[in-house]
Amino acid sequence: HALSVRVWGRDRVGGEIDLAVTRATNKTSSGEDSLTAGGIFGKLLFELSQKPAARFYAGLQLGTPFASIGQARNSGSSSNDRKYSVFSFGGLIGTEFKFSESHPISFNFDLALQRLNVDIDKTSGNIIGLVISGGLRYYF
């Protein structure tokens, strides 16, 4: 589940803020495990080309994704929580298509190369990955 706000300025520069949260549980013989994940991300966007019903852009993304995994020891006992903290940054390219030039609904597609700095229970590491995202936007 995510909520996103995107604005475009006059000088072909835009910005976006994303907030994403999800929760999942898994019942096992030893109890119930849970996962909560999400993050807050910011994007600085630069318009490369604009057509009547399409926009092409590149940008930079910074974020703080998070995950918390709770592993139950037994039903009724306290959980063994592990904390994961991550800082991500990278570049992206994307496109946005509208049904027509004046229509307020658009579809977007982003392709990002991100580096994640990961800290899992006092152990650190780096991960480089490709992130593909898409969405439906309504412009007011």
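**Exercise 1. Determine how many helices and strands the protein has, and in what order its elements run.**

Step 1. Apply the rule: helices (H or I, at least four residues) and strands (E, at least two) are DSSP runs, numbered from the N terminus.
Step 2. Count them: the protein has zero helices and seven strands.
Step 3. Read the order from the N terminus: β-β-β-β-β-β-β.

The model is predicted: local features need pLDDT of at least 70, side-chain atom pairs count only at pLDDT 80 or more, and totals for chains, interfaces and linings use all residues. Residues are numbered from 1 along each chain as its sequence is written, and side-chain values use heavy atoms, with hydrogens and water left out.

**Exercise 2. Describe burial, exposed area and long-range contacts for the protein.**

Step 1. Set the burial classes: buried is under 20% relative accessible area, exposed is over 50%, and partly exposed is in between (1.4 Å probe, protein chains only).
Step 2. Of the 140 residues, 29% count as buried.
Step 3. Turn to area, computed by the Shrake-Rupley method with a 1.4 Å probe; for residues, only the protein chains shown count as cover. The protein exposes about 9,200 Å². Carbon and sulfur atoms supply 62% of that area.
Step 4. Take contacts (heavy atoms within 4.5 Å). Among contacts with a separation of 6 or more, 51% come from residues 24 or more positions apart.

**Exercise 3. Trace the salt bridges of Glu16 and state which strands they link.**

Step 1. Use the criterion: a side-chain nitrogen of Lys or Arg within 4 Å of a carboxyl oxygen of Asp or Glu. The whole structure holds ten salt bridges.
Step 2. Find one partner. Lys43 and Glu16 meet in a salt bridge at 3.5 Å, N to O. Lys43 sits in strand 3 (residues 31-51) and Glu16 in strand 2 (residues 13-28), so this pair links distant parts of the chain, 27 residues apart.
Step 3. Find another partner. The side chains of Glu16 and Arg137 form a salt bridge at 3.1 Å, N to O. Arg137 belongs to strand 7 (residues 123-138) and Glu16 to strand 2, so the bridge ties together parts 121 residues apart in sequence.
Step 4. Check burial. Glu16 counts as buried because its relative accessibility is 4%. Arg137 is buried too, at 12%. Lys43 is also buried.
Step 5. Widen the view. Salt bridges with shared partners join Arg6, Arg12, Glu16, Asp18, Lys43, Glu47, Arg55, Glu96, Asp110 and Arg137 into one network.

**Exercise 4. Work out what the salt bridge of Asp110 and Arg6 connects.**

Step 1. Take the distance: the two side chains meet at 3.9 Å, N to O.
Step 2. Place the residues. Asp110 lies in strand 6 (residues 105-120) and Arg6 in strand 1 (residues 2-8), so the pair ties together parts 104 residues apart in sequence.
Step 3. Classify them: Asp110 and Arg6 are buried.

**Exercise 5. Classify the ring pair of Phe56 and Phe97, then find charges over rings.**

Step 1. Rings of Phe, Tyr and Trp (its six-membered ring) pair if their centres lie within 6.5 Å; planes under 30 degrees apart count as stacked, over 60 as edge-to-face and the rest as tilted. By this rule there are five aromatic pairs.
Step 2. The ring centres of Phe56 and Phe97 are 6.2 Å apart and the planes stand at 90°, so the pair is edge-to-face.
Step 3. Phe56 is in strand 4 (residues 54-72) and Phe97 in strand 5 (residues 79-98), 41 residues apart.
Step 4. Phe56 is partly exposed at 33% relative accessibility. Phe97 is partly exposed at 41%.
Step 5. For a charge over a ring, NZ of Lys or CZ of Arg must be within 6 Å of the ring centre and within 35 degrees of the ring normal. Arg55 lies over the face of Trp8, 4.3 Å from the ring centre. The charged end of Lys98 sits over the ring of Tyr139, 5.3 Å from its centre.

**Exercise 6. Describe the surroundings of Phe46.**

Step 1. Phe46 is in strand 3. Its relative accessibility is 35%, so Phe46 counts as partly exposed.
Step 2. Beyond neighbours within four places in sequence, Phe46 contacts Trp8, Arg12, Val13, Phe56, Tyr57, Ala58 and Gly59.
Step 3. The C-alpha atoms of Phe46 and Tyr57 are separated by 5.4 Å, with the residues eleven apart along the chain.
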